[in-house]
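Open the model in your viewer, keep the selection box handy, and let's take a walk through it together.

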Amino acid sequence: MSSKAQSKEKFKSKIGGQAVIEGVMMRGIDKAAMACRLPDGTIDLEEWAIKGGKDTPWYRKTPFVRGIFSFLTSLIDGYKCLTRSAEKQMTEDDKEEQTKFEQWLDDKLGDKLGPIITAISMVLGVGLAILLFMYLPSLVSKFISKFVDLSAFGKNLIEGILKIAIFIGYTALTALTKDIRRTYEYHGAEHKTIACYEHEEELTVENVKKYTRFHPRCGTSFIFLVLFISIFVNTIFRVSWASIFLRVVIKIALLPIVTGIAYELIRLAGKYDNIFTKIISAPGLWIQRITTSEPDESQIECAIAALKACIPENKEDDKW
């Protein structure tokens, strides 16, 4: 890496994004864009305006409140972009190979099919997340407490460690599949491109290559913070262990508080570079060794195309 790439970045950008199927989605202060590599090798770029600045409602600007709305928006937009990017990978041959049932659904529902599939996928995804990260860890922790005398904090701590272990194990297993591994490469391209932009270097493939694929303001770091902070929130609010089902319901109710705190910490990590932000960023940056991989040139090109479309006319507006 060159000395210039090792130097401190010139500013902290508000632009963030995520990897999608064969592409990258970027979200700026007033515009978002998704760039996907199509089966024919070309890059397809979609752009759309987003509300920001003076149009931003109060609940998206209020600390500890804005976090839950930003999380929900990211979740919904992320699913939509993943679905849309997957559709872009379908060729005419793929469409001709549809089963009779798929053809029937396409004929009956038409343009409504995509949103329906997205909604079903989200419901199933949320259900799986509740099972893996709320119900199962509580069940195992309560089972262990039958053999070991544990305080409420002790049980919450074991539950939290299990959540983090499941998260790391899940991401490591998914990285073994070809499609997810490519998505993690696009994730790396997203981070490297933002880092190049924050160093105010020209956005070229060669320049982007020099930068790190790890970024403190990342969804991976955010998820880790949510899992970690939940240990203390569940202890402070003395969430009952009498019923696992009731415990899960209460934890869901407390999720806005956990998410709000995690979001503010991620904002601090993205805005400042000091001992505190380095400490809270360290675990997430470590896990990014799993959720990001070094991208190739074609993947970097997609990330550059998406990012360029989101840079505001007045660059000062993009600085924290």
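Start by selecting T277, I280, S281, G284, I287, Q288 and T291, the buried residues of helix α11. This is a predicted model, so please read each stop on the tour in that light. An α-helix has 3.6 residues a turn, so residues three or four places apart point the same way. Now show what surrounds your selection: the buried residues of α11 pack against α6, α7 (178–198), α9 and α10.

Next, look along the axis of α11 itself, residues 275–291. Where does α11 bend? Centre on A282, where the bend is about 40°, and note that a proline, P283, follows within four residues. The end C-alpha atoms of α11 are 24 Å apart, which agrees with the 24 Å that its 17 residues should span at 1.5 Å a residue.

**Between two helices**

Two of those neighbours, α6 and α9, bring us to the next selection: F153 and F232. F153 belongs to helix α6 (residues 152–174) and F232 to helix α9 (residues 219–236), and this pair links distant parts of the chain, 79 residues apart. Stacked, edge-to-face or tilted? The ring centres of F153 and F232 are 6.1 Å apart and the planes stand at 40°, so the pair is tilted. F153 is partly exposed at 35% relative accessibility, and F232 is partly exposed too, at 37%. Add F224 and F228 to the selection and you have one aromatic cluster together with F153 and F232.

**More rings**

The model holds eight aromatic pairs. Another of them is W58 with Y59: the ring centres lie 5.8 Å apart and the planes meet at 85°, so this pair is edge-to-face. Switch on the surface here: W58 is exposed at 58% relative accessibility, whereas Y59 is partly exposed at 29%. For a ring with a charge as its partner, select W241 and R247: the charged end of R247 sits over the ring of W241, 3.7 Å from its centre.

**Into the strands**

Now colour strand β3, residues 31–37. Is β3 mostly covered or mostly open? Mostly covered: six of its seven residues are buried. In a regular strand the side chains alternate between the two faces of the sheet.

Add strand β2 (residues 23–27), which pairs with β3 in the antiparallel sense over five bridges. To see one of the partnerships, pick M26, whose bridge partner in β3 is A33. Three residues make the hairpin connection from β2 to β3.

Then add strand β4 (residues 43–49), which is antiparallel to β3 and joined to it by seven bridges. Zoom in on R37, which stands opposite I43 in β4. Five residues lie between β3 and β4 in their hairpin, and G41 in that turn has a positive phi of about 95°.

**The helix against the strands**

For the last stop, select helix α2, residues 66–88. At 1.5 Å a residue its 23 residues should span 33 Å, and the end C-alpha atoms are 32 Å apart, which agrees. Which residues of α2 are buried? They are R66, G67, I68, S70, T73, G78, C81, S85 and K88. Show their contacts and you will meet the strands again: the buried residues of α2 pack against β1 (16–20), β2, β3 and β4, and also against α10 (244–271). Helix α10 also takes us back to where we began, as one of the elements that the buried residues of α11 pack against.

Note on methods:
Residues numbered from 1 in each chain as written. Predicted model: local features only at pLDDT ≥ 70, side-chain atom pairs only at ≥ 80, totals over all residues. Heavy atoms only, no water. Phe/Tyr/Trp six-rings, centres within 6.5 Å; stacked < 30°, edge-to-face > 60°. Buried < 20%, exposed > 50% of the residue type's maximum accessible area, 1.4 Å probe, protein only. Lys NZ or Arg CZ within 6 Å of the ring centre and 35° of its normal. Pairing = 2+ DSSP bridges. Expected span 1.5 Å × (residues − 1). Contact = heavy atoms within 4.5 Å. Bend = angle between axes of the 7 residues up to and from the residue.
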